Amino acid sequence: MKEMMYSEFVELYESLAATSKRLEKVAIMAVFLKKLKEKGKSEWIFLLKGRVIPEYDSREIGISGQLTIKAIAKALGIPQETIVERYKKVGDLGVIAQELTEKKKQVTLFSKKLSVSNVFENIKKLVSIEGKGTVDKKMSLIAEIIGDASPNEAKYIVRTLLSDLRIGVADGIIRDSISLAFFPDEPEMNTKIQESYDLANDFSIVFQAAIKGKEEFKKITVTPGKPINVMLAVKAKDIDEAFEICGKPAAFEYKYDGFRLTIHKYHGEITLFTRRLENVSIQFPDVVKAIKENIKADSFILDAEVVGYDPKTKKYLPFQAISQRIKRKYYIEKLLSQLPVELNIFDVLYYNGQSTLELKFIDRRKIIEKIVSTRRLIIRPAKQIVTSDVKKAQEFYEESLEIGEEGVMIKKIDAPYQQGRKVGYMAKLKPELKDLDLVIVGAEYGSGKRGGWLTSYIVACKNQDEFLEIGKVSSGLKEIEGQEGATTYEEMTRLLKPLIEEEKGNYVKIKPKIVVSVTYQNIQKSPSYSSGYALRFPRIATYRPDKGIKEIESLKDIEKLTV
Ligand code: AMP
């Protein structure tokens with residue numbers, strides 16, 4: 001069979017970029033997937049998202065704009081300064097690589113054609129290269145493929161390196177395309193595909209199952225050691241609505257104001273993942289120890305919330321206080337005693353060799369109670385009551401707020417574990433005028449003593465696959481290092497710089513990734529931002545390294561707050 005060429009992917013990218021209509025994108029991609037089935041490897045499906053490894057793998061290609069500039073220069077024999085100059089005007093290294101390759105093509109005839117395999121394998125190597133000489137090795141790998149690329153190919157190689165294809169494809173489109181390509185007459189398969197993707201976090205596995213046939217989907221399940229997407233809660237405005245969502249009786253639990261961890265035990269090893277599927281086992285040796293000593297089971301996946309407390313008063317602290325524990329990978333010993341944490345376990349997804357996703361919540365809870373030994377301020381099953389009584393539930397809610405927690409989580413007692421946010425499984429109730437979790441999509445450089453730092457941030461909520469701006473926030477961060485737990489402007493600038501997509505004067509467009517909790521006084525309708533709303537007096541309460549863009553407020557959430 002003829003080898004698949006990278007130009008075939010590039011043609012697809014171009015057709016996808018040429019339309020903004022979702023259905024058209026799905027149709028185009030479905031045709032391509034059938035071709036990929038015949039000629040390609042299932043893992044090449046990652047290239048449709050500008051990736052080379054599955055979503056569950058949080059490693060990154062790790063190529064900065066700077067390194068890309070060097071590699072383009074090396075591949076095409078052009079001085080770096082020429083590229084930097086052009087970058088200031090165009091702001092898209094992909095387009096620059098395309099232009100420069102075009103120019104070079106006029107002088108040299110290049111013969112070699114790039115196969116998908118060449119591109120995929122070289123970029124994949126970038127993910128795992130470590131140690132001495134890393135930069136040089138990475139540069140050579142990139143230069144090798146750019147050197148052989150046509151102008152259009154060079155554009156998309158560069159965009160893939162920077163994890164930004166700009167073809168308007170999100171997970172939903174890939175899911176619908178798999179469904180249309182392989183199960184055109186079975187609309188119910190669309191849900192199956194989504195559920196399987198939630199479990200696997202890996203489109204190549206889902207794609208392969210679709211190729212082999214329906215029965216294969218049964219084999220996709222949770223595996224300890226491999227991070228998975230968790231269940232998210234819908235909002236309830238009061239106890240009555242919570243009962244409407246979860247039925248009677250319902251389980252009420254404290255809503256701990258910490259951050260979520262899924263805990264995997266397999267072959268005696270404990271691994272901790274955040275909601276963003278990042279492995280944070282190194283940062284939390286105290287949690288790992290607590291699990292080893294207090295949970296009796298051979299293998300499991302647990303869903304839990306880690307919450308900080310004041311070592312002197314033993315009072316629970318808000319998330320902000322312990323946020324730096326997620327970021328700190330070195331010299332953590334001191335932090336362990338300064339910022340101790342308690343682990344509250346509230347669900348189990350896998351237990352002793354078997355998935356427990358299908359069990360009723362009350363039965364999953366029984367497992368937790370059986371295997372977890374309670375140790376005060378170290379580890380415990382989440383505090384819970386099961387009731388049908390509005391008054392009792394209200395009292396429990398108030399008690400939770402009283403001791404400094406955020407509110408309550410309400411769970412349907414006979415429901416299976418359902419990944420993602422769906423009505424009828426889990427709800428959350430907390431007092432309004434809380435902070436909004438938003439993502440940074442743009443920023444501006446400061447002046448004077450804040451010069452050189454990005455100090456104003458355009459924040460956005462989401463509406464399905466889109467990000468809609470809702471305000472500009474410049475206060476809340478610290479100017480100097482010092483206060484425990486607080487993020488500085490310098491640190492935020494460091495986080496944002498690799499995500500810059502475009503520069504226009506003082507303004508930079510940022511790839512949505514960094515989530516912040518923002519406090520505000522009120523929300524007004526406003527034509528200035530694409531959401532149609534503006535936050536008044538916004539202020540960053542804290543950076544949320546534990547949260548992903550799927551978890552930010554939706555336009556619907558914002559609309560609810562304005563009525
Ligand atoms: P929010 O972050 O406001 O959307 O609230 C949902 C989050 O509350 C979950 O993702 C968990 O991190 C957290 N949480 C705290 N306590 C619990 C609990 N008992 N059950 C489930 N989630 C909890």
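Student: Which strand gives the largest share of the shell around the ligand?
Tutor: This is a predicted model. Two strands each supply at least two residues of the shell, β3 (250-255) and β11 (407-412). The largest share is three residues, and the strand that gives it is β3.

Student: Which residues are around the ligand?
Tutor: The shell includes Glu253, Tyr254 and Lys255. Arg260, Glu305, Phe346 and Met409 are also among its residues. Further members are Tyr256, Lys411, Lys428, Lys430 and Lys547.

Student: How many Å separate a polar side-chain atom of Lys430 from an oxygen atom of the ligand?
Tutor: Polar contacts are N or O pairs within 3.5 Å. Glu253 has a side-chain N or O atom 2.9 Å from a ligand nitrogen. Lys255 has a side-chain N or O atom 2.9 Å from a ligand oxygen. For Lys430 and a ligand oxygen, the distance is 2.4 Å.

Student: What percentage of the ligand's accessible area does the protein cover?
Tutor: Start from the ligand on its own. Its accessible area is then 500 Å². Of this, the protein covers 91%.

Student: Which residue has its backbone oxygen 3.2 Å from a polar atom of the Arg276 side chain?
Tutor: Arg276 sits in the loop between β5 (269-273) and α13 (285-294). Leaving aside neighbours within four places in sequence, its contacts include Lys513, Arg544, Pro545 and Asp546. The backbone oxygen at 3.2 Å belongs to a residue that is also in the shell around the ligand. That residue is Lys547.

Student: How many residues does domain 3 put into its contact with domain 2?
Tutor: The domain assignment gives domain 2 as 231-429 and domain 3 as 435-561. Their centres, taken over C-alpha atoms, are 28 Å apart. Domain 2 puts 17 residues into the contact. For domain 3, the number is 18.

Student: Which helix gives the most to the largest nonpolar core?
Tutor: This core has 89 residues. Phe9, Leu33, Ile45 and Ile178 have the most contacts inside it. The helix that gives the most supplies seven residues, and spans 65-76. It is α3.

Student: Why does this core lie between two domains, and which are they?
Tutor: Look at where its residues come from. Residues come from 6-161 and also from 231-429. The core therefore lies between domain 1 and domain 2.

Student: Which residues is Phe9 in contact with, leaving aside its neighbours within four places in sequence?
Tutor: Phe9 is one of the residues with the most contacts inside the core. Contact here means heavy atoms within 4.5 Å. With those neighbours left aside, the partners are Met4, Phe32, Leu36, Trp44, Leu47, Leu48 and Val116.

Methods: Residues numbered from 1 in each chain as written. Predicted model: local features only at pLDDT ≥ 70, side-chain atom pairs only at ≥ 80, totals over all residues. Heavy atoms only, no water. Core = buried A, V, L, I, M, F, W, Y, C linked by side-chain atoms within 4.5 Å. Buried < 20%, exposed > 50% of the residue type's maximum accessible area, 1.4 Å probe, protein only. Helix = DSSP H or I, 4+ residues; strand = E, 2+ residues; numbered from the N terminus. Domains from an automatic or database assignment. Near = heavy atom within 4 Å. Polar contact = N/O pair within 3.5 Å; in protein donor to acceptor, adjacent residues only side chain to side chain. Areas by Shrake-Rupley, 256 points an atom, 1.4 Å probe, with all protein chains shown as cover.
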